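Visitor: I am new to looking at protein models, and I would love a close look at a single part of this one. Could you walk me through what surrounds a charged side chain and where that leads in the rest of the fold?

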Amino acid sequence: MGKYHLIILMAIGFGATTTSNEDTIRSLQKSTFLRNEEIVDLYRDKWNRIYPARIFHSFSEQELFSPREYCYHNLNSDRACLSSDCSSPSSTGETRIIREFLRFGFWSLTIEQTIKPFNPERIKEWELTIAVWCGNRRVFHPQQAKNNILAYHDQSVYERWKQIVLADLDNFAEVLRVFNPMNHIYSVACSASSERVCKRLNLEVRNGIAFLLHEKGKVCQHKSGAFMPST
């Protein structure tokens, strides 16, 4: 199955044309963050050390197989759909702020902004995460999802869950199709399977980096309130 911090397991494209997408991505690739040729391996090695071992409290099959209701949140909307506060300071003085959150079925998209006290090169201020519902929380790392399910259920339950959430990707792709982020955003995909998930969700992926591109002039149906989730 991926966080750019991507994302679990985390195209038809958000830009107006393939050419404009390529031009945008080439421009973004000039950033200090993306010029680091080892950045994908550095992030993946870190996540692979940390997340597979994180086992949370037990959950039932009913919780595991219960899709989540549609929810869109930004800083100016209802925060009830989020399980944590919208911002959190760190020991380094940075503040991570959830700017937008979109959820439907088993999948979700979170866009965060890191406010750094001193960041002259503006290194990786924006982050996007695609996560999947796994019993009692959202997870972005595929091995963490698998380990948590197998901690409380058998292999057949995991295989059934995996089949269901992958089938639900097409539904979430339709939800993302009418979303327009406030900026061009990119993040490292946590695995090759995460890259495949991103592509199925119509995100642009280049060399382990997933790009969520802003489309000029496009009305975001989630921000405008025009989106009506299917039942």
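Guide: Let us begin with a term we need: a polar contact is a pair of N or O atoms within 3.5 Å, where, within protein, one must be able to donate a hydrogen and the other to accept it. Please also keep in mind that this is a predicted model.

Now find Arg103, which sits in strand β3, residues 95-105. Arg103 is buried, yet it has no salt bridge. Which side chain of opposite charge is nearest to Arg103? That is Glu69, and its side chain is 5.5 Å away. A salt bridge needs a side-chain nitrogen of Lys or Arg within 4 Å of a carboxyl oxygen of Asp or Glu, so a distance of 5.5 Å does not qualify. Still, Glu69 has something else to offer: its backbone oxygen lies 2.9 Å from a polar atom of the Arg103 side chain.

For another buried polar residue, look at Ser187 in strand β7, residues 185-188. Ser187 has a relative accessible area of 0%, so it counts as buried. The side chain of Ser187 makes a polar contact of 2.7 Å with the side chain of Glu127.

Strand β3, the home of Arg103, also takes us to the nonpolar interior. The largest nonpolar core has 41 residues, and Trp107, Leu109 and Trp161 have the most contacts inside it. At least two residues of this core come from each of β3, β4 (107-115), β5 (126-133), α5, α6, α7 (169-177), α8 and β9 (209-212). A second core, separate from that one, has 15 residues, including Phe33, Val40, Cys190 and Leu213.

Let us pick out one of those contributors, helix α5, which covers residues 142-152. Its buried residues are Pro142, Gln144, Ala145, Asn148 and Ile149. Why do they line one face of the helix? Seen down the axis of α5, they fall within an arc of 165°, so they share one face. These buried residues pack against α4 (61-64), β6 (138-139), α6 (155-167) and α8 (192-200).

Arg103 has no salt bridge, but the model does contain eight of them. In one, the side chains of Glu22 and Arg206 meet at 2.3 Å, N to O. Glu22 belongs to helix α1 (residues 18-28) and Arg206 to strand β8 (residues 204-206), so this pair ties together parts that are 184 residues apart in sequence. Glu22 counts as partly exposed at 25% relative accessibility, and Arg206 counts as partly exposed at 21%.

Arg206 has another partner: Glu204 forms a salt bridge with it, and their closest N and O atoms are 3.2 Å apart. Glu204 has a relative accessible area of 10%, so it is buried. Through shared partners, the salt bridges join Glu22, Glu204 and Arg206 into one network.

A further salt bridge brings together the side chains of Asp170 and Arg200, at 3.3 Å, N to O. Asp170 is in helix α7 and Arg200 in helix α8, so the pair links parts of the chain that are distant, 30 residues apart. Asp170 is partly exposed at 46% relative accessibility, and Arg200 is partly exposed with a relative accessible area of 38%.

Helix α7 also holds Asn171, which is partly exposed with a relative accessible area of 42%. Asn171 and Ser230 are 59 residues apart in sequence, while their C-alpha atoms are 9.0 Å apart in space.

Finally, let us visit the loops on either side of β8. Most residues other than glycine have a negative phi. Asn202, in the loop between α8 and β8, has a positive phi, near 70°. Asn207, in the loop between β8 and β9, has a positive phi too, near 55°. Are these two asparagines buried or exposed? Asn202 is buried, with a relative accessible area of 14%, whereas Asn207 counts as exposed at 73% relative accessibility.

Key:
Residues are numbered from 1 along each chain as its sequence is written. This is a predicted model: local features need pLDDT of at least 70, side-chain atom pairs count only at pLDDT 80 or more; totals for chains, interfaces and linings use all residues. Side-chain values use heavy atoms; hydrogens and water are left out. Buried means under 20% relative accessible area, exposed over 50%, partly exposed in between (1.4 Å probe, protein chains only). Helices (H or I, at least four residues) and strands (E, at least two) are DSSP runs, numbered from the N terminus. The arc is that of the directions from the helix axis to the C-beta atoms. Contact means heavy atoms within 4.5 Å. Lys and Arg count as positive and Asp and Glu as negative; His and the chain ends are not counted. A nonpolar core is a set of buried Ala, Val, Leu, Ile, Met, Phe, Trp, Tyr and Cys residues joined through side-chain atoms within 4.5 Å.
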